[in-house]
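Open your viewer, switch on the cartoon, and keep the selection box within reach. We will move from one stop to the next, with something to select at each.

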Amino acid sequence: MKRGGTVVVATKNAGKVREFAHAFGKLGMNVVSMFDYPGLPDVVEDGATFAENARKKAREVAEALNLPVMADDSGLEVRALGGEPGVYSARYSGEGATDARNNEKLLRELERVTDGGAAAEGLPDGAKLLSEARFVCALALYDPESGAFTESEGEVPGWIMDEPKGGGGFGYDPLFWVTAEGKGMAEMSIEEKQAISHRGRALASLLRRLGAE
Ligand SMILES: O=P(O)(O)OP(=O)(O)OP(=O)(O)OC[C@H]1O[C@@H](n2cnc3c(O)ncnc32)[C@H](O)[C@@H]1O
Ligand SMILES: [Mg+2]
């Protein structure tokens, strides 16, 4: 990856595209995504781990385009739900899943296994914390010429709130309380989120690895 270059990211998630465009933009690089290659078939995400899915997405798209491609597989692991939704985060609410439906399902499932949650210092007006959780992000970069993967992973711990807070981010961000920052993930700017998020950390680690090669 070099300044002025283009990074192909094998994603159809507009929230991820925004975050990668921001991060690579600061390095003088441009990001294209699967929105720029609408003809490519979807990759079936049937891996057991985030890393497996990230490798699969990167490799299939890289081979189709004959270009180095980076992929992101990520999700939310909730302690009170035994680590769910995990690798199923995107389709938690089933067929035709949307961020809003996934968030509703998460709150419904948590209502069944928690007893209303606990108040905590610094939380927005009246909100309660239902369960510890973490976001995880696996990144894989695949170069079809060498057949080599470069991989990294990042995570951020927090709690699930009993009601949404903030208008930023995407996915489960509105329900995710970042204890270390005393803020909801959706209350952060893209810059703030990048500095502490699973994706920001995974990307920093991938770039360190690439720099060290
Ligand atoms: O596979 P691609 O095309 O990249 O897009 P996707 O949305 O299907 O992405 P994943 O398969 O990696 O599923 C991850 C899901 O986990 C959630 N997620 C991942 N990162 C997140 C973040 O930074 N903030 C909030 N939710 C996130 C979100 O709901 C995603 O849809
Ligand atoms: Mg996906």
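Before the first selection, one convention: two strands pair if DSSP finds at least two bridges between them. Keep in mind, too, that this is a predicted model.

**Stop 1: the sheet**

Start with the strands. There are 7 of them in an open sheet, ordered S2-S1-S3-S4-S5-S6-S7, and the pairing is mixed. At the edges stand S2 (30–32) and S7 (183–184), each with a single partner strand, so one side of each has no neighbour in the sheet.

Now select S5 (residues 148–161) together with S6 (residues 176–178). These two strands are antiparallel and share 2 bridges. Click on Ile160 and look across to S6: its bridge partner there is Phe176.

Go to the other neighbour by adding S4 (residues 129–143). S4 and S5 are antiparallel as well, joined over 14 bridges. For one opposing pair, pick Ala133 and find Gly158 in S5 across from it. Then follow the chain through the hairpin of S4 and S5, where 4 residues lie between the strands. Stop at Gly147 in this hairpin, which has a positive phi near 75°.

One strand further on, bring in S3. S3 and S4 run antiparallel, with 10 bridges joining them. Label Val69 here, and you will find Tyr142 of S4 opposite. While the side chains are on, recall that in a regular strand they alternate between the two faces of the sheet.

**Stop 2: the ligand**

Select ligand 1 and show its surroundings. How many residues surround ligand 1? There are 22, and Thr11, Asn13, Ser89, Ala90 and Gly171 are the closest. Two elements give two or more residues to this shell: strand S3 (69–78) and helix H3 (99–113). S3 gives the most, with 5 residues. Colour the shell by residue type and you get 5 nonpolar, 9 polar and 8 charged residues.

**Stop 3: helix H3**

Stay with H3 and set a distance between its end C-alpha atoms. They are 22 Å apart, in agreement with the 21 Å expected for 15 residues at 1.5 Å a residue. Next, select the buried residues of H3: Asn102, Asn103, Leu106 and Leu110. They lie on the same side of H3, because they cover an arc of only 100° around the axis. Which strands do the buried residues of H3 pack against? They pack against S4 and S5, which you already have on screen. Turn to the face of H3 that looks away from this buried side, and you meet the exposed residues Ala100, Arg108 and Arg112.

**Stop 4: helix H1**

Jump to H1 (residues 14–26) and repeat the check. The 13 residues should span 18 Å, and the end C-alpha atoms are 18 Å apart, which agrees. Buried in H1 are Lys16, Glu19, Phe20, Ala23 and Phe24. Look down the axis of H1: these buried residues fall within an arc of 120°, so they line one face of the helix. The face turned away from them carries exposed Ala14, Gly25 and Lys26. Just past the helix, select Gly28, which follows H1 and has a positive phi near 75°.

**Stop 5: three residues to click**

Find Arg209 in helix H5 (residues 198–212). Buried or partly exposed? Arg209 is partly exposed, with 14 other C-beta atoms within 10 Å. Beyond its sequence neighbours up to four places away, Arg209 touches Thr150 and Ser152. Between Arg209 and Glu151 the C-alpha distance is 8.3 Å, although 58 residues separate them in sequence.

Then move to Lys193, in helix H4 (residues 190–196). Lys193 counts as buried because 24 C-beta neighbours lie inside 10 Å. Its contacts more than four places away in sequence are Gly169, Met185, Met188 and Gly200.

From Lys193, travel 32 Å, C-alpha to C-alpha, to reach Asn66. Asn66 sits in the loop between helix H2 (50–65) and S3. Asn66 is exposed, with 9 other C-beta atoms within 10 Å. Check its backbone as well: phi is near 55°, a positive value in a residue other than glycine.

**Last stop: a cis peptide**

Finish in the loop between S3 and H3, where Pro85 lies. Zoom in on the peptide bond from Glu84 to Pro85: this bond is cis, with omega near -5°.

Technical notes: Residues numbered from 1 in each chain as written. Chains lettered and ligands numbered in written order. Predicted model: local features only at pLDDT ≥ 70, side-chain atom pairs only at ≥ 80, totals over all residues. Near = placed C-beta within 6 Å. Nonpolar A, V, L, I, M, F, W, Y, C, P; charged D, E, K, R; others polar. Expected span 1.5 Å × (residues − 1). Buried ≥ 20, exposed ≤ 12 C-beta atoms within 10 Å, placed from the backbone. Arc of directions from axis to C-beta. Contact = placed C-beta atoms within 7 Å.
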